[in-house]
Amino acid sequence: PLAEGMAASASEAFDAIGKAMQADATLASKVGGVLQFELGSVSWTVNCTGEGSIAEGRASAPDATITMSEPDFLKLYAGTLNGTTAYMSGKMKIKGNIGLAQKLAGLTAAARKRGAAAAATPSGGGAPAAAGAGAAAGAAGRAGDAIVGTPPGFESDAVFARMAANLRTQPRLPAKVEGSFGFTVTGGPGGAVAEWWVVARSDAAPRVAVGKPATKPDCLVTISDAHLVALAAGKLNGMSAYLSGKMKLKGDMRLAQKLAALVGAGPRSKL
């Protein structure tokens, strides 16, 4: 299970680091440089100059470039892989200012701490939310996120309702995802199968709809109802789900890393 404050994907981890820097202006100044991460075919830039910022892609002139696999980076982020051990074993390669790279631990620790605190504190006060699908369903219901034709009896209906709510209330979310998904959800009532179509692109109207996609989606996801709920609740790690066969992907598999942004808890007030 994914512990509170942990990350299921590199995208989620960098998003958490960015939010931690927004919450504490001193974090970026403690690093004081530009870190570039090469995680397989995906690059990320952590700019710790000025107010600090996070962006997918390469920096023009990074002070340090860190190369490692995404699974090892997630272990580093989670604190289960020591930076020195990763470097000495060859799991992490550093080009440029090694001393700067050593300051990454402060950023990841702050992001984990903030994530755990946010998970433990209900939004807007009041009683703690129920875990899993019940919490998702409650949030969706309050927002009035009912979707026409929703298949009855699927717990994951609440997950898609949350996606719809996030796309409606977060104008920048489509540009952050830049992709479309076709979901085949198995294991419904009596073995039923549900089809969903999710569009989150800056060049098209955001959409979450029941049924087969009208156009070919960028990424096809096949997952059971229960596993999708667990994935959205943070109880199932995305990489583990894929490697164990609980989640099957076809097409642009990198887009699957952005599912965390789609199923996030919803819009948050600016810090």
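This report walks through the confidence, one sheet and one pocket of the structure above.

The model is predicted: local features need pLDDT of at least 70, side-chain atom pairs count only at pLDDT 80 or more, and totals for chains, interfaces and linings use all residues. Residues are numbered from 1 along each chain as its sequence is written, and side-chain values use heavy atoms, leaving out hydrogens and water.

**Confidence**

Let us start with pLDDT, the predictor's confidence in each residue, from 0 to 100. The protein chain has a mean pLDDT of 80, and 82% of its residues reach 70 or more. Helices (H or I, at least four residues) and strands (E, at least two) are DSSP runs, numbered from the N terminus. Confidence in the chain is highest in strand 4 (residues 64–67), at a mean of 95, and lowest in helix 7 (residues 133–143), at 31. Over residues 1–5 the pLDDT is below 50, and this stretch has 12 contacts (heavy atoms within 4.5 Å) beyond near neighbours in sequence. Where pLDDT is low, the predicted coordinates should not be read in detail.

**The five-stranded sheet**

Strands of a sheet pair through backbone hydrogen bonds, either parallel or antiparallel. Here two strands pair if DSSP finds at least two bridges between them. One open sheet of five strands has the order 8-7-6-9-10, with mixed pairing. Strand 8 (207–210) and strand 10 (247–251) stand at its edges with a single partner strand each, so one side of each has no neighbour in the sheet. Strand 6 (residues 179–186) and strand 7 (residues 194–200) run antiparallel, joined by seven bridges. One bridge pairs valine 185 with alanine 194 of strand 7.

Two helices lie across this part of the model. Their angles are taken between N-to-C directions, from 0 to 180 degrees, using axes fitted to C-alpha atoms, for helices over the stretch in contact.

| Helix | Lies across | Angle |
|---|---|---|
| Helix 8 (residues 157–169) | Strands 6, 7 and 8 | About 15° to strand 7 |
| Helix 10 (residues 225–232) | Strands 6, 9 and 10 | About 105° to strand 9 |

**The second largest pocket**

On a 1 Å grid over the protein atoms alone, a pocket is an open set of points where a 1.4 Å probe fits, with protein on both sides within 12 Å along at least five of seven lines; lining residues have an atom within 4 Å of a point. The second largest pocket is lined by 16 residues, and Leu76, Asn82, Gly83, Thr84 and Gln102 lie nearest its centre. Helix 6 gives the largest share of this lining, four residues.
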